[in-house]
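Colleague: I should like to learn how to read the features of a protein model. May we take helices, salt bridges and empty spaces in turn?

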Amino acid sequence: MSALKIQLFCLPYSGGKAQAFDEIKSLAVPDVEVHAIEYAGKGKRAKEPFFEDYSSFIEDVVDQINAKRIENVPYALFGYSIGALFAYDIASKRFISGELLHIFLGGCCSADEHRFEKKISDLSDEEFWDEIIAMGGVGNELLASRKFLKIFSKPLRADFHIGEQFEFSSSQPKPLCNATILYSENDTPYQSVKGWNNIIEGKVDFELFEGSHFFAFENYERVASIINERLKKYVNDRQ
């Protein structure tokens, strides 16, 4: 058995890069090895084309995770915003080899209630950013100039295009693990996230935060503390 106890794989929000999890990664306890997934067309994979269909996108994410998996070492998933839907789907469909201990899901209503009333990715630039801004998904520094926002349009649209293809099915199996749901009443109120409790087989805990859509990254020290506490418990229970 490896000295490493748990691997944690993080899935970014729409338009997000793997580096968004750098602060959380820096605060991980020694027993936890953190890997942030880079979506095609972003960050270190910026020269790669975006995926057009959901199944190919998820297959790519799964391939990235499995390539980093260490045999006999259990793992956990952390998905934020649209990444939470991807993490849930992957956990539900048992796409990753090995033992899944925990899933952390933040900034996203429960998968069974997730609906896109209209395809945001197909809107004009003006309408697209009106919708994104209304969601609270844009930092104040970017709101100062809509011309600057255009730089982010292509990667953000690509993620929404994939996310809009996500479909929850009541017939799919529930993830066989415990879960922690991170939410903010200003972004994803409890009423919209409580449904996670019904579609996950294990114990589901809820952690309330203050802030906008990016509350977890505005409070990354607390997020890291929660992750460390939950995962460290598995390590202690097995010693």
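**Reading the model**

Modeller: Let us begin with a helix, bearing in mind that the model is predicted. In α10, the buried residues are V223, A224, I226, I227, N228, R230, L231, Y234 and V235. Helix α10 spans residues 220–237, 18 residues in total, and reaches 26 Å from its first C-alpha to its last, close to the 26 Å expected at 1.5 Å a residue.

Colleague: Which residues of helix α4 are buried?

Modeller: The general idea is that an α-helix has 3.6 residues a turn, so residues three or four places apart point the same way. In helix α4, residues 125–134, the buried residues are F128, W129 and I132. They lie on the same side of α4, because they cover an arc of only 90° around the axis.

Colleague: How should I read a salt bridge, and how many salt bridges does a search of the whole structure find?

Modeller: Side chains of opposite charge can pair when their charged atoms come close. A search of the whole structure finds 11 salt bridges. One of them joins D31 to K232, with the closest N and O atoms 2.3 Å apart. D31 lies in the loop between α1 and β2 and K232 in helix α10, so this pair ties together parts that are 201 residues apart in sequence. D31 counts as buried at 14% relative accessibility, whereas K232 is partly exposed at 30%.

Colleague: Which residues are linked in a network of salt bridges?

Modeller: The network links K203, D205, E207, R222, E229 and R230. The side chains of R230 and E229 meet at 3.6 Å, N to O. R230 is buried, with a relative accessible area of 14%, while E229 counts as exposed at 53%.

Colleague: How does one find empty space, and which residues line the largest cavity?

Modeller: Rolling a probe the size of a water molecule over the atoms shows where empty space is left. Here the search finds 1 cavity of 30 Å³ or more, and the largest cavity has a volume of about 50 Å³. Its lining consists of Y39, A40, F50, F51, F57, A158, D159 and I162. By class, 7 of these residues are nonpolar, none is polar and 1 is charged. Helix α7 (residues 153–163) gives the largest share of this lining, 3 residues.

Colleague: What classes of residue line the second largest pocket?

Modeller: The lining of the second largest pocket has 4 nonpolar, 4 polar and 7 charged residues. This pocket has a volume of about 320 Å³. Of its 15 lining residues, A18, Q19, A36, E38 and K44 lie nearest its centre. The largest share of the lining, 3 residues, comes from β2.

How values were computed:
Residues numbered from 1 in each chain as written. Predicted model: local features only at pLDDT ≥ 70, side-chain atom pairs only at ≥ 80, totals over all residues. Heavy atoms only, no water. 1 Å grid on protein atoms, 1.4 Å probe; cavity = no way out; pocket = protein on both sides within 12 Å on 5 of 7 lines; lining within 4 Å. Points joined across faces, edges and corners; volume = space filled by probe spheres on them. Helix = DSSP H or I, 4+ residues; strand = E, 2+ residues; numbered from the N terminus. Nonpolar A, V, L, I, M, F, W, Y, C, P; charged D, E, K, R; others polar. Buried < 20%, exposed > 50% of the residue type's maximum accessible area, 1.4 Å probe, protein only. Arc of directions from axis to C-beta. Expected span 1.5 Å × (residues − 1). Salt bridge = Lys/Arg side-chain N within 4 Å of Asp/Glu carboxyl O.
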